[in-house]
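Biologist: Let's go through this model together. I will ask how each label is earned, and you give me the value and the cut-off.

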Amino acid sequence: MTDPATPQDDDLDDATSATLDALEDALDALRERHPDTTPQWEFCEGLMTALLCMRRAVPQDEWLPALFGPGGAEVFGSEAERTHFSMHWLARESQLRAALQAPVDALDDERALAPAVMDWRGLLAALPEDERAAAAPDGPPPALGQVWAAGFMAAVDHWADDWAPPRDKEIAESMADAVDCIAELLEGDRAAPAMNLYDEVGPPSVSEARFDAFGEAIWAVYDLHDIARSLGPRIAPARSEKVGRNDPCPCGSGKKYKQCCGK
């Protein structure tokens, strides 16, 4: 399924809408050449959000292969195409970072994190019947936030060492709870639909339980971001350069240090 325009575009500011449109256009161009390896933007947004919740800055040459496969930057037809994509990626990254750093108490705050996700079921229900079959993905459409959560968890799995829990048990538990909250969105929405987030007057497509779970996942992102900022980059354990008396002598003689240069 190709990425349609973000359903909540009317609620987004012009800069955000322009950035998302540019990124979706860039992915559409890549998808023409690499249909099997180009993800939906919603997946990209989930991965990007996870990167912002890590304790270190991950360079582009490291996350491109995680997004597009081992070839990484080879998916781009030219350096100009890569630059165009990178420019808008950084713009969206800046928007998400600003939201995560803003002091918000409610998700309806205009400064709050608002992932670019799609109510796919609502979209399909709103289409004429003759267009619905062509637009539908293979199998049932994903639930609200499911593709976004898949992108987030892909980053957690790909950079497992970076996502290893800290020694502090309380922080480690909070971190695990937050990740689990996001991972729960990988499951489908099996509750009775109560609202349509694509078309307010369309048939219900999202359950109240799913809507609430997505909100909890957004707060979980805030928790993970705050934990990463409070812990800071991981520091490699200090290594002593001191040679033990029973260690091999660094001169290469083959003798113990105490029997050679350590006399």
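**Labels and their cut-offs**

Modeller: Start with Glu187, which is partly exposed at a relative accessible area of 45%. One caution: this is a predicted model.

Biologist: Why is Glu187 called partly exposed?

Modeller: Buried means under 20% and exposed means over 50%. Glu187 has 45%, so partly exposed is the right label.

Biologist: And its partner Arg190? What makes Arg190 count as exposed?

Modeller: Arg190 has 70% relative accessibility. The cut-off for exposed is over 50%, so Arg190 counts as exposed.

Biologist: How do you know that Arg190 and Glu187 form a salt bridge?

Modeller: Their side chains come to 3.9 Å, N to O. The limit is within 4 Å, so the pair counts. Side chains of opposite charge can pair when their charged atoms come close.

Biologist: How many salt bridges does the structure hold?

Modeller: Nine. Some join into a network: Arg56, Glu62 and Asp162 are linked that way.

Biologist: What makes Asp61 and Arg82 a salt bridge?

Modeller: The N to O distance is 2.7 Å, and the limit is within 4 Å, so the label holds. This pair links distant parts of the chain. Asp61 sits in helix H3 and Arg82 in helix H4, 21 residues apart.

Biologist: Is each partner buried or exposed?

Modeller: Asp61 has 59% relative accessibility, over 50%, so Asp61 is exposed. Arg82 has 16%, under 20%, so Arg82 is buried.

Biologist: What about Asp28 and Arg31? Where do they lie?

Modeller: Both lie in helix H1, three residues apart, which is about one turn of the helix. Their closest N and O atoms are 2.8 Å apart, and they form a salt bridge. Arg31 has a relative accessible area of 12%, under 20%, so Arg31 is buried. Asp28 has 27%, between the two cut-offs, so Asp28 is partly exposed.

Biologist: Now Asn196. Why is Asn196 called buried?

Modeller: Its relative accessible area is 7%. That is under 20%, so Asn196 is buried. Asn196 is found in the loop between E1 and strand E2 (206-207).

Biologist: What does the side chain of Asn196 reach?

Modeller: The backbone oxygen of Pro203, at 2.8 Å. A polar atom of the Asn196 side chain also lies 2.8 Å from the backbone nitrogen of Asp199. Leaving aside neighbours within four places in sequence, its contacts include Asp119, Gly122 and Ser205.

Biologist: Move to Leu186. What makes Leu186 partly exposed?

Modeller: Leu186 has a relative accessible area of 36%. That falls between 20% and 50%, so partly exposed fits. Leu186 lies in the loop between helix H8 (169-183) and strand E1 (193-195).

Biologist: Which residues does Leu186 touch?

Modeller: Gln146, Ala149, Ala150 and Met153, not counting residues up to four places away in sequence. Leu186 and Trp148 are 38 residues apart in sequence, yet 8.8 Å apart in space, C-alpha to C-alpha.

Biologist: How do you know that the length of H7 agrees with its residue count?

Modeller: At 1.5 Å a residue, its 13 residues should span 18 Å. The end C-alpha atoms are 18 Å apart, so the two values agree.

Biologist: Which residues of H7 are buried?

Modeller: Among them are Gln146, Trp148, Phe152 and Met153. The cover over the buried residues of H7 includes H2, H5, H8 and H9.

Biologist: Which residues have the most contacts inside the largest nonpolar core?

Modeller: Phe85, Trp89, Phe152, Trp163 and Ile182, in a core of 63 residues. Among the elements that give two or more residues to this core are helix H1 (14-33), helix H4 (79-101) and helix H9 (208-231). Nonpolar side chains tend to be buried together in soluble globular proteins.

Biologist: What is Phe152 in contact with?

Modeller: Its contacts include Leu47, Trp163, Ile182 and Leu224, leaving aside neighbours within four places in sequence.

Biologist: Last, the whole protein. How many helices and strands does the protein have?

Modeller: Nine helices and two strands. Of its 263 residues, 43% count as buried. The protein exposes about 14600 Å², with carbon and sulfur atoms supplying 51% of it.

How values were computed
Residues numbered from 1 in each chain as written. Predicted model: local features only at pLDDT ≥ 70, side-chain atom pairs only at ≥ 80, totals over all residues. Heavy atoms only, no water. Helix = DSSP H or I, 4+ residues; strand = E, 2+ residues; numbered from the N terminus. Buried < 20%, exposed > 50% of the residue type's maximum accessible area, 1.4 Å probe, protein only. Contact = heavy atoms within 4.5 Å. Areas by Shrake-Rupley, 256 points an atom, 1.4 Å probe, with all protein chains shown as cover. Core = buried A, V, L, I, M, F, W, Y, C linked by side-chain atoms within 4.5 Å. Polar contact = N/O pair within 3.5 Å; in protein donor to acceptor, adjacent residues only side chain to side chain. Expected span 1.5 Å × (residues − 1).
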